Amino acid sequence: MSIHHTRITGSDYAAMADLVKKYKVTVARHTVEKVRDGYRVDAHASDAQIQALEAAGYTVEHLEDAEAEGKARQREMRDNAGAALSVATATGYLDVSHVEAALATEAAAPNDRFTTLIRLPNETWEQRACHALKIGNGSGPGRTGIYLLGGVHAREWGSPDILINFIQQLTNAYRANTDITIGNRTFTAAQIKSIVDTKDIYVFPQANPDGRHYSMTTEPMWRKNRRPAPAGHTQSQCVGVDVNRNYDFLWNFPKYFDANSPVQNSTDPCDHDVYIGPAAASEPETKNVVWMFDTFPHIRYFVDLHSYSEDILYNWGDDNDQSTDPQMNFQNPAYDGKRGIADDKAYREYIAAEDKKLAVGLANEMRDAIKASRGRVYKTEQSMSLYPTAGTSDDYAFSRHITDAKRAKVFSYTIEWGSPKNPTPFHPPYPEMKQIIDEITSGLLAFCISAN
Ligand SMILES: [Zn+2]
């Protein structure tokens with residue numbers, strides 16, 4: 001199956017909802033824009049989907065053959081096999097084993113007592129072990145936990161590289177007691193020291209190594225994990241679950257959402273991109289992400305890295321936010337069947353005004369630090385767009401303290417790095433990816449300074 005990077009224009013809201021509901025196109029949610037003759041969105045679609053869309057009156061701009069161009073990225077990667085583990089000097093993406101080796105090397109650095117390798121308890125479907133790294137010098141109460149996650153979606157190759165670079169920059173500067181300068185922004189040695197001495201930074205860079213390996217070697221546009229296909233389903237796309245639709249937050253979306261909502265989730269195991277899985281948190285990859293929150297209960301800030309669209313997203317993703325009616329919330333069954341229609345009055349998700357203020361403020365800190373790198377201006381916005389979601393990590397993380405008051409409140413973000421204008425935007429050519437690695441590293445350092 002050939003997949004094309006496209007821009008699709010539809011005449012109205014209903015047409016844009018049909019893109020997801022009827023034609024099963026996976027859109028880059030936050031690229032929807034109002035244009036003269038309707039709405040336009042950046043998307044990836046197959047030949048058959050494009051044919052059906054054009055027959056139905058959509059305008060489909062063809063940008064590139066994502067499969068063929070993705071194969072070019074795979075060849076470039078193989079040319080870089082054996083690359084150094086230092087992202088600062090790398091000329092190509094880290095492969096799955098590089099990422100694990102970089103973590104192990106960091107934790108084994110001599111004379112260090114501030115890095116700890118954490119083995120996640122669940123092996124993946126293909127029996128891969130996953131690791132996270134804790135960075136923090138000291139112990140005791142009062143330390144703020146910050147959790148950075150990447151590599152959930154297989155084809156979004158750059159997120160593990162960003163997080164390994166973040167680790168390497170932070171730990172090198174801490175050891176040498178030096179500043180980090182990225183573009184116009186300098187993080188002083190004192191600020192770096194303060195992060196490591198007073199906070200615990202948990203970095204889990206490669207949550208879905210099976211999917212990443214498959215995307216890097218076989219099908220570049222692969223997104224899900226590699227759960228075996230259900231019995232009787234032989235098509236290759238019936239393998240896998242979308243880990244970022246598998247968390248326990250409104251997971252069973254047909255029960256909770258309006259039947260007309262263009263929620264970007266699917267109950268079909270053969271959906272190429274957004275199958276939610278057989279149960280909430282059914283996947284070993286999801287369980288590992290959750291285990292970190294359960295095991296380190298002082299985690300109060302969370303960032304999940306994805307691509308693309310140059311966005312910093314804060315809660316919620318299931319519907320528009322409101323701060324006036326606490327009873328109108330995701331736990332209230334009175335609103336089942338009403339969620340997930342943009343800009344209506346039937347349902348909006350509750351977030352306290354002071355939480356929203358803090359969430360937006362921190363998002364803006366990251367935006368400013370990203371801009372200082374090379375001038376790219378990321379949008380800070382609520383995760384909900386014309387296309388809502390359920391079962392995502394950021395909403396799950398922020399919902400934990402609401403479903404169980406004993407748990408910490410976790411301010412949660414999704415960063416969608418990279419521009420839709422890049423070739424193969426899920427895995428841009430590495431010279432562009434290097435620029436993105438720098439700008440997001442800058443954003444994450446600012447986040448670690450400001451999150452208290
Ligand atoms: Zn993603």
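Visitor: Which strands does helix α9 (residues 284–295) lie across?

Guide: This is a predicted model. To place a helix on a sheet, list the strands in contact and then take an angle to one of them. Helix α9 lies across β6, β7 (131–135), β8 (144–149), β11 (199–204) and β12 (299–307). Its direction is at about 170 degrees to β8, and because angles over 145 count as roughly antiparallel, α9 runs roughly antiparallel to β8.

Visitor: What is the strand order of the open sheet?

Guide: Read an order from one edge to the other. Here eight strands follow β6-β7-β11-β8-β12-β17-β13-β16, and the pairing is mixed. At the edges are β6 (115–119) and β16 (379–382); each has a single partner strand, so one side of each has no neighbour in the sheet. From one strand to the next the twist averages 20 degrees.

Visitor: In which sense do β13 and β17 pair?

Guide: A pairing is described by its sense and its bridges. Strands β13 (residues 311–314) and β17 (residues 411–417) are antiparallel, joined over four bridges. One residue pair to look up is Asp311 with its bridge partner Glu416 in β17.

Visitor: Which helix lies across β12, β13, β16 and β17?

Guide: That is helix α10 (residues 353–374), running at about 35 degrees to β17.

Visitor: Is Val290 buried or exposed?

Guide: Use the relative accessible area, with under 20% as the cut-off for buried. Val290, a residue of helix α9, has 13% and is therefore buried. Leaving out residues up to four places away in sequence, Val290 touches Tyr247, Tyr396 and Arg400. Val290 and Tyr247 are 43 residues apart in sequence, while their C-alpha atoms are 8.5 Å apart.

Visitor: What span should the 19 residues of helix α5 have?

Guide: A helix length can be checked against a rise of 1.5 Å a residue. For α5 (residues 158–176) this predicts 27 Å, and the end C-alpha atoms are 27 Å apart, in agreement. Of the 19 residues, 15 are buried, so α5 is largely enclosed by the rest of the structure. Just after α5, Asn177 has a positive phi of about 55 degrees.

Visitor: At what angle do α5 and α6 pack?

Guide: A helix pair is described by angle, axis distance and contacts. Helix α5 packs against α6 (residues 189–198) at about 105 degrees, with axes 9 Å apart, which makes the two roughly perpendicular. From α5, Leu170, Ala173 and Tyr174 meet Ile192, Lys193, Ile195, Val196 and Asp197 of α6. The residues of this contact comprise six nonpolar, no polar and two charged.

Key: Residues numbered from 1 in each chain as written. Predicted model: local features only at pLDDT ≥ 70, side-chain atom pairs only at ≥ 80, totals over all residues. Heavy atoms only, no water. Expected span 1.5 Å × (residues − 1). Buried < 20%, exposed > 50% of the residue type's maximum accessible area, 1.4 Å probe, protein only. Axes fitted to C-alpha atoms, helices over the stretch in contact; angles between N-to-C directions. Parallel < 35°, antiparallel > 145°, perpendicular 65-115°, else oblique. Contact = heavy atoms within 4.5 Å. Nonpolar A, V, L, I, M, F, W, Y, C, P; charged D, E, K, R; others polar. Pairing = 2+ DSSP bridges.
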